[in-house]
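Thanks for taking a look at this one with me. Please have the structure open beside the note, and follow the numbered points in order.

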Amino acid sequence: MIKEALNTVSDLWSLMVGLRVTKDYFRAPQVTVRYPWKAVSNIATYKGHLELVGGKTGKPKCISCGMCALACPSNCLTVVKRKPPKPTPEEEQALAEAKAKGEKPKDKTPKDPEKFIYDFTLCSLCGTCMENCPVGALDFTGSAYLAGYSREDFHFDLVQLLKNQAGLEGMDASAAPETGQSEA
Amino acid sequence: MTTYQNNDHLAGDFYTQNFAKTAGEGNLILNLGPQHPSTHGVLRVVVELDGEYIMRAEPVLGYLHRMHEKMAEVKTAAQFIPNMGRVDYGHALGWNWAFVGAAELVGGIEVPERAEYIRVITCELNRIASHLLWWGAYLLDLGAFTPIMYAFDDREKILDILQDPTGSRLTYSYYRIGGVAKDLSADCIRRIQEFIPWFRSRLPMYKDLVSDNIILRKRIEDIGVIEQEVCRRFGATGPVARGSGIKYDVRRAQPYSVYPKLDFEIPTSNLKCARGRYDVRMAEMEQSLRIIEQALEMMPEGEVLVKGAPKPSWKVPKGEGYFAVEGARGKIGAYVVSDGGKNIYRTKLRAPGYCNLSLFAEVSQGTILADAVAILGSLDLIIPEIDR
Amino acid sequence: MEALFSGLSALYLAKCDAAKTGQVFQAFLPASTLVRAAERLLAADYYIEDICAVDCAEGYVVVYHFDHFEAPGRVTLRVLAPHASPVVPSIANVFHGAEWHERETRDFHGVVFEGNPNLIPLLMDPDMADCFPLRKEDKARAKAKDMLEAGEVVYCHPSFTLMTPDAPAEAKESGGDKPATA
Amino acid sequence: MNAIPAELLNILIGLVAVAASVGLIGLVMVWVERKVAGHIQRRPGPYEVGPSGALQPLCDALKLVGKQLFMPLGADPILFWLAPVLAFLPVLLLFLPLPVGDGLQALDVNLGVLLILAFSGLAVLSVLLAGWASNNKYGLLGAARGVAQAVAYEIPLLLSVLAVSFVAGSLDLAQVVKGQGTWPWNWNIMTQPLAFLIYIVSALGETNRAPFDLPEAESELTAGFHTEYSGMGFGLFFLAEYANMVVVCSVATALFLGGWHGPVLPGPVWFVLKVSALMLLMVFVRWTYPRVRFDQLLVINWKWLLPLAVANLLLTAFFVKLAQFA
């Protein structure tokens, strides 16, 4: 009987304890981030959409081998290779000479891709393409705030994106998709 | 009154009609879900109610079915890994591990030791995050709004930590066949070390605010009693089985990775009710902290991905393999049958929530509606995992 | 373990290496004794893990996985269901959890489980109940013996050739279909 | 001849003032509730519209007014729309006999407590109508719960109020307040602590506030009896809930906490302060506890509150009689 009564008291006391916890937290500082006015600080390690890594000259490091497109689980990458440039008359002559000698002509085609179409709507950000790139030409952006009005806004040409980025150094990354889209 | 009776043409779809065929006279057929606050997504349970008492219940699945097993047939093994993060958003790394482990089993691939430790650390962190998600959502089911905010506060810290190596916050695809994708950075390890004591200091608050609360205790004690025999017949594992007093944990029963080297306990409870499952999960979070602590100490330097790790075009050699890991909800299994072709011939994913939910119909019988919600929540359901 | 399957006219019993396949024992059973095997496993305190089907050239191999809480070790039961009429008895009245697994297998492969109390679509849309996504085309099917682990054979019925590596082509077909029709 | 028009005028002015203030109180309470809930949960709550988001409830109210009034197929149109009106209108009357200050009372009636208890009983009708008429199974279950709960919790509420009336010897709220003094030890809560506890618990049940918010138990019945209401139909239920809260807290203040009595500050300020403190307690309770189960709710009432209230009443009656003889 006494034990029961004590139990009842301790049960009721547990309600008081709960109120104490909420009271303490009521006075504790808030932990949320007021998003539009302040951005979260941990964005550095976040994987946003893909981007091409530029080499020293600003041209993409990519060698258009297509390993990424092959590896991609969701087929969201298309690499458009460059066509060989139209040879000048001298080069054509040299080519003919080389052929006559039986040498294999050296491929003068620039290795960087003409277009690197990337469909972000399909991408699951797994990183398989990056891991299978032989030259490390792909990387994730930290862009977490990507937004668009239509599906086409997320079809990027990464080559164009890289050019724009080089031109617009320091501009917000979120501006990039629109420019990329207009070129795609 | 008359309008009420003339609505027979609205009387539900295939499942409702099929269910209503055997309904008792004058009983109410109620569809809980697919849109319902306490079914955590798109689970639907058709219940037959007599007053508030549940005569019969039948879960209806498939609203989130994505046929991952078919997708596995059209992708190579390495390409299928991103799918695993999408199967279960709560404990994505457990699923990563199950599939990768099965592929390694059939392919006979050794994993570097550092990678094993990283897997243990990240998987256990993910388990805590999953339990916190459950804890918050369960109390939301029981009508307490505040705990989920506190739980998400803590979970946020784990997500921040896991974001470092994985790059994402929910649907991780971090493990690779033969290791992990990226090493833990020094900053990440420091943050994990800071997180452990901090989270330990939070656990008493959870106890004060919720676990000891008389209203909560009355809500979950003696509710949804699951006998051990029921666990066997339905294949319930994880906290559901442990809450019924079955000391079964895949990490100990069929040890994988470096778990045998780590010292931790398997919390069980003999209460068999929702309270037992609640206690087991709360205790498991502490054990996970212990595991992480030890793993951080024992973690050797070295590679995180085995040399010559499989490329995406890697073909799984002929054979079959079943690899199970202990997920937050129970035994996650991946059964792989390969004919040596480009894609895996057949991949079967064993979802623990699927088996745990299947016993709901039996356990909920005769309870009242509010209890059914409490039982449903105590099974810790993640619908994408159940529907796959 | 072998004793568990004695008198069930098992076609093929084999021990497996758990470190390589994740299983410790496998048994190929005729459909007729499947329910009895399940009853014995339940009596021996096994719990059901999952049921799935593998679409092989010889038919649908329905695979049942069982495990034990106290003495862990996965036991695999297999039953062959011919492509023409894939019917297998249901164990849903022994292991009640099997109901859902069987319904799932029916959804994916179209294997009918006779005796299942509620064999209606579970994961697939009831409107497309006759569409079985995991059925393979004939030429895409591989032979069971090429994929399934043979293990260390304990017993093999003379007429059973599904798992025997060097059987001539004709014998395989007849041998494969026999147990399911038996 | 002269007295009757003055009385009528008083009531009319009171009604207008009450109607205006109920709307205002509703808006303020919504803001307070959200703000407090936010701070408990370590987030700011509304903060965009107006200073500290104070205008947010106004925007929400405008949104509710602007929304389409939707009625489900098969619902009974008359009962369906009668229910929210019926929920809100009696609440207006409940404000009339509340003594905010000495003589500051819309309707000085000597049966104030009775009036309040009688009209607050109408709320259960609106719950029943809303749940029944909306042709929704959740609504029906919510209504069934609501009726059982309201009927049950009215009794201990009444009994605890009666105990105070015995002590004060009056059913007039102003008289009860006048019987109390300036300082806390002169208040009725000192002589009737048990009645106060019972009153607060049953008031939570009576106003369907968490942890007794079973008729609208979100996680079980989606929104219970008002599942099908949109726009201002829902808005009226919402407003009525907060207005009801104010009423029960005001009655508690008048009966137990000395009403307008208090040192230094003027009476109405004290009254509002005390009511606010009680409301804050109710808000804290809502954001701290899980919801009780339905059968437990009734067990608490019939097995605990009711016997305690009866015992309390009998004891009070005994001592009051004793004091009379002495």
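1. A word on vocabulary to begin with: helices are DSSP runs of H or I with at least four residues, strands are runs of E with at least two, and both are numbered from the N terminus. Read in those terms, chain C runs β-α-β-α-β-β-β-β-α-β-α-β-α along its sequence. That gives chain C 5 helices and 8 strands. Please keep in mind throughout that this is a predicted model.

2. Staying with chain C for a moment, 52% of its 182 residues are buried. If you look at contacts in chain C between residues at least 6 apart in sequence, 55% of them link residues at least 24 apart.

3. Chain D has another make-up, with 13 helices and 0 strands. Its pattern along the sequence is accordingly written α-α-α-α-α-α-α-α-α-α-α-α-α. The radius of gyration of chain D is 20 Å, close to the 20 Å that the globule rule gives for 326 residues, so chain D is as compact as a globular protein of that length. Measuring sticks along the principal axes would give about 65 × 50 × 45 Å for the C-alpha trace of chain D.

4. How much of chain D is buried? The share is 51% of its 326 residues. For contacts in chain D between residues at least 6 apart in sequence, 78% bring together residues at least 24 apart.

5. Chain B mixes both kinds of element, with 17 helices and 8 strands. Its radius of gyration is 22 Å, close to the 21 Å from the globule rule for 388 residues, so chain B is as compact as a globular protein of that length. Along the principal axes, the C-alpha atoms of chain B fill a box of roughly 75 × 50 × 35 Å. Of the 388 residues in chain B, 61% are buried. Contacts in chain B with a separation of 6 or more include 71% between residues 24 or more positions apart.

6. Next, the place where chains D and B meet: 26 residues of chain D are in contact with 28 residues of chain B. On the chain D side, α6 (137–168), α10 (218–221) and α13 (294–325) each supply at least two of the touching residues. By character, the residues on this side of chain D are 10 nonpolar, 7 polar and 9 charged.

7. A residue of chain D worth finding is Y138(D), which lies in helix α6. Why does Y138(D) count as buried? There are 25 other C-beta atoms within 10 Å of its own, and the cut-off for a buried residue is 20 or more. Leaving out residues up to four places away in sequence, Y138(D) touches L221(D), T222(D), G224(D) and T227(D). The C-alpha atoms of Y138(D) and F225(D) are 6.9 Å apart, although 87 residues separate the two along the chain.

8. On the nonpolar interior, nonpolar side chains in soluble globular proteins tend to be buried together. Here the largest nonpolar core has 285 residues, and those touching the most other members are A98(B), F99(B), A102(B), V62(C) and A252(D). F99(B) contacts F80(B), I81(B), M84(B) and A334(B), with neighbours within four places in sequence left aside. Apart from the largest core there is another of 21 residues, including C72(A), F116(A), A137(A) and V159(A).

9. For a look at strand pairing, try β2 (residues 44–50) and β3 (residues 53–60) of chain B, which run antiparallel and are joined by 7 bridges. One bridge pairs V45(B) with P59(B) in β3(B). The hairpin that β2(B) and β3(B) form has 2 residues between the strands, and G51(B) there takes a positive phi near 70°.

10. Finally, please check two backbone angles in chain B. D222(B) is not a glycine, yet its phi is positive at about 60°; D222(B) sits in the loop between α9 (214–220) and α10 (228–234). S257(B), also a residue other than glycine, has a positive phi near 55° and lies in the loop between α12 (250–253) and α13 (274–298). Which of these is buried and which exposed? D222(B) is exposed, with 12 other C-beta atoms within 10 Å, whereas S257(B) is buried, with 20.

Conventions:
Residues are numbered from 1 along each chain as its sequence is written. Chains are lettered from A and ligands numbered from 1 in the order in which they are written. This is a predicted model: local features need pLDDT of at least 70, side-chain atom pairs count only at pLDDT 80 or more; totals for chains, interfaces and linings use all residues. Two residues are in contact if their C-beta atoms, placed from the backbone, lie within 7 Å. Ala, Val, Leu, Ile, Met, Phe, Trp, Tyr, Cys and Pro count as nonpolar, Asp, Glu, Lys and Arg as charged, and the others, Gly among them, as polar. The radius of gyration is taken over C-alpha atoms; the globule rule is 2.2 Å times the number of residues to the power 0.38. A nonpolar core is a set of buried Ala, Val, Leu, Ile, Met, Phe, Trp, Tyr and Cys residues joined through C-beta atoms within 7 Å. Two strands pair if DSSP finds at least two bridges between them.
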